[in-house]
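Here is a short briefing on one protein model. Look over the sequence and the fold, then read the points below.

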Amino acid sequence: MKLIELLYPPTCPGCDKILSSAEHEVGFCLKCQKKIRLVGRNACMKCGSTVSSDTTEFCQDCRKKTHYFDQAKSVYRYSGAMKPAMYKFKYSNRRCYGRIFASQTVKMYGSWIRKIGVEMIIPIPMYLPKQRKRGYNQAEVYARALSSETGIPVSNEIVRRDRNTAPMKQLNARERVKNLRTAFKLSENVVQFRKVLLVDDIYTTGTTMDTVAELLKTGGIKEVYGLCVCTGEAIDEPVIEGNF
């Protein structure tokens with residue numbers, strides 16, 4: 001065991017319990033593992049959000065509208081122990097959780113990432129004054145942990161966020177689009193890339209990912225994929241424990 005782990009032993013993102021050596025690989029304690037649900041076969045083929053059955057190809061949202069991103073996936077369902085874990089990851093400087101999330105991401109989607117041929121990982125940017133106040137951008141933390149796992153480079157300079165926006169959870173669909181209009185800008189020439197992977201913390205309606213994907217495609221990128229730590233759940237979905 002490393003000295004840093006002796007001084008600051010790893011704790012469970014869900015409940016802050018000190019992890020046993022057997023729990024290190026998963027990153028969550030046994031109790032929280034039972035409360036975590038991974039995104040499995042019951043996921044929309046376009047946005048990766050959970051759907052009610054494995055025979056449903058697309059969620060209701062994706063059947064109604066066209067996304068600018070080519071395909072997106074998520075790792076965990078935003079429920080149970082993942083809610084406090086994501087809160088601490090975003091607001092309590094638990095940047096170490098990024099390694100746990102990235103490790104599980106590669107277990108689930110490593111072959112998919114290789115198959116689509118991603119050339120660059122791009123985290124959804126934060127408004128710079130807001131990032132300075134928080135001290136970090138959780139999407140970038142996740143992106144860099146994912147880069148360490150895959151060897152794919154990260155760029156946080158291709159897209160910048162020039163305007164602060166209202167919290168998306170307070171807005172309806174039309175307000176979300178208006179809220180993000182002109183918020184993002186391209187700051188680098190991106191024509192040299194053909195396929196990129198946008199990463200963020202939580203997928204809700206996909207408005208943010210769509211806005212940035214559209215911007216990247218206007219800059220010359222051919223294919224834009226998405227990957228999020230968490231996604232929302234279908235209302236009628238049965239409860240199934242995670243399978244680590």
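The notes below go from the sheet to the helices and then to single residues.

This is a predicted model. At its centre of discussion is an open sheet of four strands, in the order β1-β6-β5-β2, with parallel pairing. Helices α5 and α9 both touch strands of this sheet, α5 by packing on β1, β5 and β6 and α9 by lying across β1, β2, β5 and β6.

**The sheet**

- The strands follow the order β1-β6-β5-β2 and pair in parallel. The edge strands are β1 and β2, since each pairs on one side only.
- Neighbouring strands of the sheet are turned by 25° against each other on average, direction ignored.
- β1 and β6 run parallel and are joined by six bridges. Glutamine 71 stands opposite tyrosine 225 of β6.
- β5 and β6 pair in the parallel sense over eight bridges. Lysine 195 has glutamate 223 in β6 as its bridge partner.
- β2 (residues 120-123) pairs with β5 (residues 195-203), again in the parallel sense, over four bridges. Isoleucine 121 has leucine 197 in β5 as its bridge partner.

**Burial in the edge strands**

- β1 is largely enclosed by the rest of the structure, because five of its seven residues are buried.
- Which way do the residues of β2 point? Met120 and Ile122 point one way, Ile121 and Pro123 the other way, and all are buried.

**Helices on the sheet**

- α5 packs on the sheet and touches β1, β5 and β6. The direction of α5 makes about 155° with that of β1.
- α9 (residues 207-218) lies across β1, β2, β5 and β6. It runs at about 160° to β6.

**The α4 and α5 pair**

- Two packed helices are described by the angle between their axes and the distance between the axes.
- The axes of α4 (residues 82-91) and α5 (residues 97-116) come within 10 Å and cross at roughly 125°. That angle makes α4 oblique to α5.
- From α4, the contact is made by Met82, Ala85, Met86, Lys88 and Phe89. From α5, Tyr97, Gly98 and Phe101 take part.
- By class, this contact has six nonpolar residues, one polar and one charged.
- The buried residues of α4 are Met82, Ala85, Met86, Lys88, Phe89 and Lys90. Their cover includes β1, α5, α6, α7, β5 and β6.

**Buried single residues**

- Threonine 231 sits in β6 (residues 223-231). It counts as buried because its relative accessibility is 0%.
- The side chains of threonine 231 and serine 49 are joined by a polar contact of 3.2 Å.
- Leaving aside neighbours within four places in sequence, threonine 231 is in contact with several residues, including Val39, Thr50, Ser74, Arg77 and Tyr203.
- Valine 118 lies in the loop between α5 and β2. Is this residue buried or exposed? Valine 118 is buried, with a relative accessible area of 11%, because under 20% counts as buried.
- Valine 118 and isoleucine 152 are 34 residues apart in sequence. In space they are 7.5 Å apart, C-alpha to C-alpha.
- Beyond its neighbours within four places in sequence, valine 118 is in contact with Ile113, Ile152, Lys195, Val196 and Leu197.
- Glutamate 140 belongs to α7 (residues 138-150). This charged residue is buried, with a relative accessible area of 14%.
- Which residues does glutamate 140 contact, leaving aside its neighbours within four places in sequence? They are Pro123, Gln131 and Asn156.

**Positive phi**

- Most residues other than glycine have a negative phi.
- Aspartate 16 has a positive phi, near 70°. It lies in the loop between α1 and α2. At 35% relative accessibility, aspartate 16 counts as partly exposed.
- Asparagine 93 has a positive phi, near 60°. It follows α4 and lies in the loop between α4 and α5. At 44% relative accessibility, asparagine 93 counts as partly exposed.

Methods: Residues are numbered from 1 along each chain as its sequence is written. This is a predicted model: local features need pLDDT of at least 70, side-chain atom pairs count only at pLDDT 80 or more; totals for chains, interfaces and linings use all residues. Side-chain values use heavy atoms; hydrogens and water are left out. Helices (H or I, at least four residues) and strands (E, at least two) are DSSP runs, numbered from the N terminus. Buried means under 20% relative accessible area, exposed over 50%, partly exposed in between (1.4 Å probe, protein chains only). Contact means heavy atoms within 4.5 Å. Two strands pair if DSSP finds at least two bridges between them. Axes are lines fitted to C-alpha atoms, for helices over the stretch in contact, and angles run from 0 to 180 degrees between N-to-C directions. Angles under 35 degrees count as roughly parallel, over 145 as roughly antiparallel, 65 to 115 as roughly perpendicular and the rest as oblique. A polar contact is a pair of N or O atoms within 3.5 Å; within protein, one must be able to donate a hydrogen and the other to accept it, and residues adjacent in sequence count only if both atoms are side-chain atoms.
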